[in-house]
Amino acid sequence: MENEKRSNSLMDKMDGLSGLPGDAAFNREAAWNRLQPRLPEQRASRKMVWWWAAAVILILCISPFLLKDRSRAVMPAPALVNSTTLPKPAPVITPDTIAQEKPVPVILAKAKQVSKMTDAVVIPPSDTLAITQPLVAAVPRQDSPLIQSTAATIPPKKRVVHINEVGGDVIGNTYIYPEHKQFKVAISGPAGFASQIVADKPSNTSNLPKN
Amino acid sequence: MTEAEYIKEAKKGSSAAQKWLFDELSGRMLMVCRRYVRNEQDAEELMLDGFCKFYSSLSGLQYQGSAALFSWVKRIMINECLMFLRKKHTFVIVSEHVAETLALQEDILDNLSAAEIFNLVIQLPAGYRTVFNLYVIEGMNHGEIAALLGISEGTSKSQLSKAKSLLQKMLLQQNIEYGKRKTQQ
């Protein structure tokens, strides 16, 4: 106990010692200037500076790749023709294939319910109906009789010639060939009109009848 | 502004408050470090390291008065010094049977001033000095010292005993020299 008291008094005595009489005074300012860079906040701010620098460098390094990817995304991809990826041609439907085609089952799920609601509807014996002729058959084919009949009705093409090329005249609805002009006028056309037409003819055409 | 307010400001990272605390404590802390580490430059460096740790651990401090703050900072400084001494391997391990059992007079240190005790203590070898500081000045028991230094309690006791005998010799020498000086005058 006595030892503890002495120790405490000695401790207080020694703790109060802030310098020795003969020694040079402790330079607090110089020590503080040495301490300040080591302080936690300074370290934290320095760390932050390094983190920022690292982040900027990282962004600078990554940005070319990012821009490259973006330009790729904007530009359309080049068209690549791959024979293996080409779509299959549509199947050619012929009468043989139509005959081979299985009847398309049509499920009438609500048929029974409908029949219950309306007595007038005749219920088929089974729930499925078979459509034997698909609608595709309505499309005419080259060898179909429909095509043949239409080909027979189309008139053959004829050469279209202007009336002046031929040199004849039209009297009413009748075309008069030049060599028969006088004859036809004499037979069927009215005299006044025919004579006028004849008179209108150029002088190189003779008025004399050929026959 | 009170010490508690300075502590609060220092916790927030105020450089002015930290400077004020440094000015208040650094002189005494340097003497604490010098008591353990004889070299002045090493002691100053250890004191700065201790202040760094003090500021970094300031957020966890609950201010309970000036004495508590001082003892807390002093403990940080002592730990820094002990770590330094451990790294340097300056502890002199003296086995118990070798240790002399020269008893130091109980009240002899009380009659000496702090500066005189300081000058005596820093002349002791590192091992003796450390145990003497921890036992006599800091008031630790041998169990605590043994745990702190990683030595056995017996070794701590023998180190203390050696330190006391050496101090006795030094005091006698000083008295003789003092007496000689007195007679010459």
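These are my notebook entries on a predicted model, covering chain A as a whole and some helices of chain B.

**Entry 1: chain A overall**

I began with the secondary structure of chain A, which comes to nine helices and four strands. Reading from the N terminus, I noted the order of the elements as α-α-α-α-β-α-β-α-α-β-β-α-α. I then looked up burial, and found that buried residues make up 12% of the 211 residues in chain A. For the contacts in chain A with a separation of 6 or more, I recorded that 37% are accounted for by residues 24 or more positions apart.

**Entry 2: α1 and α2 of chain B**

Two packed helices are described by the angle between their axes and the distance between the axes. For helix α1 (residues 3-12) of chain B and helix α2 (residues 15-36) of chain B, I noted that the axes come within 7 Å and cross at roughly 130°. I therefore entered α1(B) and α2(B) as oblique to each other, and I wrote down their crossing as left-handed. On the α1(B) side of the contact I listed Glu3(B), Tyr6(B), Ile7(B), Glu9(B) and Ala10(B), which meet Ala17(B), Gln18(B), Trp20(B) and Leu21(B) in α2(B). Sorted by class, the residues of this contact of α1(B) with α2(B) are six nonpolar, one polar and two charged.

**Entry 3: α2 and α3 of chain B**

Next I followed α2(B) to helix α3 (residues 40-56) of chain B, where the two axes come within 9 Å and cross at roughly 135°. That angle makes α2(B) oblique to α3(B), and the crossing of these two helices is right-handed. From α2(B), the residues making the contact include Leu21(B), Phe22(B), Leu25(B), Met29(B) and Arg34(B), while those from α3(B) include Glu40(B), Leu46(B), Met47(B), Phe51(B) and Tyr55(B). By class, I recorded 13 nonpolar, two polar and four charged residues for the contact of α2(B) with α3(B). Looking back over both lists, I noted that Gln18(B) and Leu21(B) of α2(B) appear in the contact with α1(B) and also in the contact with α3(B).

**Entry 4: Ser165 of chain B**

Which helix holds Ser165(B)? I placed Ser165(B) in helix α8 (residues 153-184) of chain B. Is Ser165(B) buried or exposed? Its relative accessibility is 4%, so Ser165(B) counts as buried. I then looked for a partner of its side chain, and found that a polar atom of the Ser165(B) side chain lies 2.8 Å from the backbone oxygen of Lys162(B).

Terms used: Residues numbered from 1 in each chain as written. Chains lettered and ligands numbered in written order. Predicted model: local features only at pLDDT ≥ 70, side-chain atom pairs only at ≥ 80, totals over all residues. Heavy atoms only, no water. Axes fitted to C-alpha atoms, helices over the stretch in contact; angles between N-to-C directions. Parallel < 35°, antiparallel > 145°, perpendicular 65-115°, else oblique. Left-handed = near helix turned anticlockwise from the far one by under 90°. Contact = heavy atoms within 4.5 Å. Nonpolar A, V, L, I, M, F, W, Y, C, P; charged D, E, K, R; others polar. Buried < 20%, exposed > 50% of the residue type's maximum accessible area, 1.4 Å probe, protein only. Polar contact = N/O pair within 3.5 Å; in protein donor to acceptor, adjacent residues only side chain to side chain.
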